[in-house]
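Q: I'm new to this one and would like a close look at a single part of it, the nonpolar core. Could you walk me through that and whatever sits around it?

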Amino acid sequence: MTKPAFLTKPREESYVDYSLIFIVLFLIAFGLIMLYSTSSYAAAISTGDSAYYFKHQMGPTIIGLIGMIGFSYFPHRFLQKLSVPIYIFAAALLFLIIPYGKEINGAKRWLIIAGVSIQPAEIAKFAVIIFSATMIIKLRKNLTTVKGFMVALVFPLIIAFMVYKITKNLSSAIIILGITIIMLFVSTPGYKLYVLSAAAILAVVAVGVYLIANAEDSSSMNYRFIRVLAWLDPAAYASDKSFQTIQALYAIGSGGWAGKGLGESMQKMKLPEAQNDMIFSIICEELGLLGALAVMFMFFLLIWRLMIIANNANDMYGALLTIGVMAHISIQVILNIAVVTNTIPNTGITLPFISYGGSAVIFQLAEIGIALNVARSIGK
């Protein structure tokens with residue numbers, strides 16, 4: 001016997017952001033194609049296997065996609081209860097680098113666990129998004145006070161300092177702070193303090209650049225200051241600090257409007273570690289300005305979809321998590337393209353979903369999964 005319609009409990013449907021899923025899958029697939037195209041020559045020379053980097057990226061990508069699906073079903077509100085253990089876990093991994101870290105290309109930033117290479121800085125970014133969202137929710141009535149604002153900022157500052165001091169990774173430390181500042185910015189009324197703070201920081205940076213540029217003796221300078229000099233005058237450091245930047249600019253310039261064609265890059269034979277920080281320059285060379293603009297447009301769509309999810313989230317915590325994910329991806333994309341085009345001094349920042357890096361792609365996809373779960377709760 002069929003129950004009357006009014007006695008039948010309606011099936012609860014959840015919203016699935018297929019646009020976001022499509023954009024991410026496109027970037028992942030495109031990234032793997034470009035990774036193979038960019039790294040095949042160097043991989044064949046160094047390892048004898050042209051698909052070496054492609055194969056090593058495929059595994060973490062699959063793990064990341066599984067993690068994305070898992071987090072898309074995992075209730076995001078439960079992450080609030082796990083925020084402290086996740087924060088402590090990230091800090092502990094950073095501490096473990098001191099005695100057990102593996103040095104690669106002169107940087108001690110990796111841990112080898114069960115034969116798998118892990119970069120704790122990427123876990124720290126993930127942890128800061130979850131922990132900062134939790135702290136902002138707890139302190140939101142006091143965020144307008146200096147004490148409340150500093151309490152919300154101090155724990156991400158600690159993680160950022162650890163990343164900088166232990167791994168010597170200034171770019172990741174800046175990204176961690178940038179994520180937190182953006183999350184705080186959207187959580188507090190008014191913007192005057194942020195504008196004044198940004199102006200003061202820019203003024204300090206400008207003065208610092210001026211002093212470095214006009215220093216009489218650069219031989220005893222910190223290597224970061226030398227990078228500033230190389231940024232200001234790449235030709236003077238063409239054989240050393242500016243070599244990678246100049247080769248990247250050659251790649252961008254030689255691509256023209258339509259590019260040389262997939263796999264036809266010449267600069268990938270000269271550009272050190274082209275599959276990492278400088279992969280965008282190879283995109284420009286092989287696919288041209290039109291291809292580069294298309295990739296930038298896809299990132300714009302990704303950030304826009306995350307903003308839509310944040311604006312329509314049912315709860316403040318879900319909105320903050322999504323804003324943290326949006327901040328992470330947008331900051332990293334902007335800084336990577338700025339480095340490749342020599343808009344800012346050269347520093348190690350990867351292009352999300354496209355550059356080579358297992359830890360990065362796993363946790364970036366996990367963050368997308370959290371955003372998808374926030375989207376699922378819309379309308380419930």
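**Inside and around the core**

A: Let's start from the outside: the accessible surface of the protein comes to about 19,000 Å², and 68% of that belongs to carbon and sulfur atoms. Keep in mind that this is a predicted model. Of its 380 residues, 48% count as buried.

For the overall layout, picture 12 helices and three strands. The radius of gyration is 22 Å, close to the 21 Å that the globule rule gives for 380 residues, so the protein is as compact as a globular protein of that length. Its C-alpha trace spans about 80 × 50 × 45 Å along the principal axes. If you take the contacts between residues at least 6 apart in sequence, 70% of them join residues at least 24 apart.

Now for the core itself. In soluble globular proteins, nonpolar side chains tend to be buried together. Here the largest nonpolar core has 94 residues, and Phe299, Leu302 and Ile368 are those with the most contacts inside it. Helices that each supply at least two residues of this core include α1 (18-47), α4 (120-139), α10 (279-312) and α12 (358-376). There's also a second, separate core of five residues, with Ile212, Met221, Ile226 and Val228 among them.

Zoom in on leucine 302. Leaving aside its neighbours within four places in sequence, leucine 302 is in contact with Leu20, Ile23, Val24, Leu27, Ile329, Phe353 and Ile368. Ile368 turns up again here, as one of the residues with the most contacts inside the core.

Helix α4 is worth a look too. It's mostly covered, with 19 of its 20 residues buried. From first C-alpha to last, α4 reaches 27 Å, close to the 28 Å expected at 1.5 Å a residue.

Next, the aromatic rings: the structure holds 14 aromatic pairs. One of them joins phenylalanine 71 and phenylalanine 74 edge-to-face, at 6.2 Å centre to centre with 70° between the planes. Neither ring's residue counts as buried: phenylalanine 71 is partly exposed at a relative accessible area of 24%, and phenylalanine 74 is partly exposed at 28%. Those two also belong to a cluster in which ring pairs link Phe71, Phe74, Phe78, Phe126 and Phe363.

Another pair brings together phenylalanine 149 and tyrosine 194. Their ring centres are 6.1 Å apart and their planes sit at 70°, so this pair is edge-to-face. It links distant parts of the chain, with phenylalanine 149 in helix α5 and tyrosine 194 in helix α7 (residues 192-213), 45 residues apart. Both phenylalanine 149 and tyrosine 194 are buried.

Finally, two loop residues. Glutamine 275 is in the loop between α9 (243-255) and α10, and at 3% relative accessibility it counts as buried. Apart from neighbours within four places in sequence, glutamine 275 is in contact with Leu35, Thr38, Ser39, Tyr53, Ser355 and Tyr356. Glycine 357 lies in the loop between α11 and α12. With a relative accessible area of 18%, glycine 357 is buried, because the cut-off for that is under 20%. The C-alpha atoms of glycine 357 and serine 117 are separated by 9.8 Å, although the two are 240 residues apart along the chain.

Terms used
Residues are numbered from 1 along each chain as its sequence is written. Side-chain values use heavy atoms; hydrogens and water are left out. A nonpolar core is a set of buried Ala, Val, Leu, Ile, Met, Phe, Trp, Tyr and Cys residues joined through side-chain atoms within 4.5 Å. Buried means under 20% relative accessible area, exposed over 50%, partly exposed in between (1.4 Å probe, protein chains only). Helices (H or I, at least four residues) and strands (E, at least two) are DSSP runs, numbered from the N terminus. Contact means heavy atoms within 4.5 Å. The expected span of a helix is 1.5 Å times one less than its number of residues. The radius of gyration is taken over C-alpha atoms; the globule rule is 2.2 Å times the number of residues to the power 0.38. Accessible areas come from the Shrake-Rupley method with a 1.4 Å probe; for residues, only the protein chains shown count as cover. Rings of Phe, Tyr and Trp (its six-membered ring) pair if their centres lie within 6.5 Å; planes under 30 degrees apart count as stacked, over 60 as edge-to-face and the rest as tilted.
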